[in-house]
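Here are two short exercises to work through with the structure open. Try each one before reading its solution.

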Amino acid sequence: MEHANSRYKNISALYRARGRRVEHDLLGEKEVPATAYYGIQTLRALENFDISGITLNFYPDFIKGLAKVKKAAAMANHDLGHIPDNIIGAICQACDEIGMGMLHNHFIVDMLQGGAGTSTNMNANEVIANRSLEILGHQRGEYKYCHPNNHINYSQSTNDAYPTAMKVALMDTNDKLLVEVHKLIAIIDDKSFEFSDILKMGRTQLQDAVPMTLGQSFNAYATSLRNEIKRLKTCSHSFLTVNMGGTAIGTGLNADPRYRERVVQHLCKVTGRDIVLADDLIEATHDTGSLVMYSSALKQLAVKLSKICNDLRLLSSGPRAGLNEINLPPMQPGSSIMPGKVNPVIPEVVNQIAFKVIGNDLTTTLGAEAGQLELNVMEPVMVESLFESVEILKRGMDILGSRCIAGITANEATCSDNVKNSIGIVTALNPHLGYEVCTALAKEALDDHRSVYDLVLEQQLLSKEQLDDVLAPENMVR
């Protein structure tokens, strides 16, 4: 999201510096900056939805998804004779340029908007139409040669183009998310190997349990994240099913009956994905179950990342009055008043990212529940929530891996002392002495501040050779 706030110029400055053109719509006429690729409906949305300050250009993959859908639609309509030969090339070129990252500063509509995404759809239609006009040698706004609705939006409605673009974009951004998950797992795997021979106490309910290796702790984190890769892939797979050709409510009104199959074929080519048409376009137009499922997968990933960060903060607590079994790399001074204090700032920020993702999941769930009749008008807030979650998870995992986990070191002596002094090793004596005897040993060791080892020998419960064999920490780790 870097530089997002500088991606478009102040609109009033555009009016003053470069002049203006007049456009009209259902509600009347409006002056548009002469140099703008967007048009009158985008400006109306800008006035109506000055809400979050998070505009379409915060999420480039979403803009690219819109361009891919518009290109596939134009190609299908051209095949069927509805888009003239003289403008199809310009439309495709404009969509390709947007796909390469051009003109994104003209996608200025707020992500949160009424109208079920109509403002987003029209922002795309207007930018593509005006760039196409420019390619054709015409002036921006000369829509008689290439019109946002009559050509760019032909055979479409916001209600099929918008969700399809969102699904295409989410598949693309999910691929990038998976790259970050894999990178984080690789870093954790390295630590698992590095710490494979360091014994420490395992803990349950924050109480001493039984010994394990520090490497096993990190290996469990990696395994947990690997499971989320499967879940993310499974949940994003549902995005391959789209409702293109359903137009307003899924009946296909105003679209050539041949269009729906043709547009999906082109969409497969444009995206490189095996996209399929939904069996029931009416159901697919109002259903947002795939968003709920994917949001749930993002939430679960966030929960697991937050659990890992909680553990890292606990294990590194101290350095003198905490567990102090590991050291996190120092990132910044930790206090404006306490000299020498260094805080676990990277795990802390990833915890906060997790809280935001969990909140976004609730927003997505409520948005899905609020759908009424043949359309869910709450898709914009669901889409914004999902893209934000993916973006902050990507960034959070990157800094967690590179600026925290990669630099973790172990306090091996502390880990070893904790094992030797723990009451938890009495668990290993259960098969040899029985639960009642071991309970008494544990209580006596706690009350008298003695070691279990010394008490067993004093009470002649086992010989030294037997005890050393049973309590050898490495024999308790499998």
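**Exercise 1: a helix pair**

In this predicted model, helix H3 (residues 60-79) packs with helix H9 (residues 259-271) at an angle of about 130 degrees, their axes lying 8 Å apart. Work out how H3 and H9 are oriented to each other, what the hand of their crossing is, and which residues make the contact.

*Solution*

Step 1. Start with the angle, which is about 130 degrees. Angles over 145 would count as roughly antiparallel and 65 to 115 as roughly perpendicular, with the rest oblique. H3 and H9 are therefore oblique to each other.

Step 2. Now the hand: H3 and H9 cross in a right-handed way.

Step 3. Next, pick out the residues. H3 brings Lys68, Val69, Lys71, Ala72, Ala73, Met75, Ala76, Asn77 and Asp79 to the contact, while H9 brings Tyr259, Arg262, Val263, His266, Leu267, Val270 and Thr271.

Step 4. Sort them by character: the H3 and H9 contact residues come out as nine nonpolar, three polar and four charged.

**Exercise 2: the whole chain**

Zoom out and describe the overall build of the chain, starting from its helices and strands.

*Solution*

Step 1. Count the elements: the chain has 18 helices and eight strands.

Step 2. Check the spread. The radius of gyration is 30 Å, well over the 23 Å that the globule rule gives for 478 residues, so the chain is more spread out than a compact globule.

Step 3. Box it in: along the principal axes, the C-alpha atoms fill roughly 100 × 55 × 35 Å.

Step 4. Look at burial, where 51% of the 478 residues are buried.

Step 5. Finish with the contacts. Taking those between residues at least 6 apart in sequence, 72% join residues at least 24 apart.

Conventions. Residues are numbered from 1 along each chain as its sequence is written. This is a predicted model: local features need pLDDT of at least 70, side-chain atom pairs count only at pLDDT 80 or more; totals for chains, interfaces and linings use all residues. Side-chain values use heavy atoms; hydrogens and water are left out. Axes are lines fitted to C-alpha atoms, for helices over the stretch in contact, and angles run from 0 to 180 degrees between N-to-C directions. Helices (H or I, at least four residues) and strands (E, at least two) are DSSP runs, numbered from the N terminus. Angles under 35 degrees count as roughly parallel, over 145 as roughly antiparallel, 65 to 115 as roughly perpendicular and the rest as oblique. A crossing is left-handed if the near helix is turned anticlockwise from the far one by less than a right angle, and right-handed if clockwise. Contact means heavy atoms within 4.5 Å. Ala, Val, Leu, Ile, Met, Phe, Trp, Tyr, Cys and Pro count as nonpolar, Asp, Glu, Lys and Arg as charged, and the others, Gly among them, as polar. The radius of gyration is taken over C-alpha atoms; the globule rule is 2.2 Å times the number of residues to the power 0.38. Buried means under 20% relative accessible area, exposed over 50%, partly exposed in between (1.4 Å probe, protein chains only).
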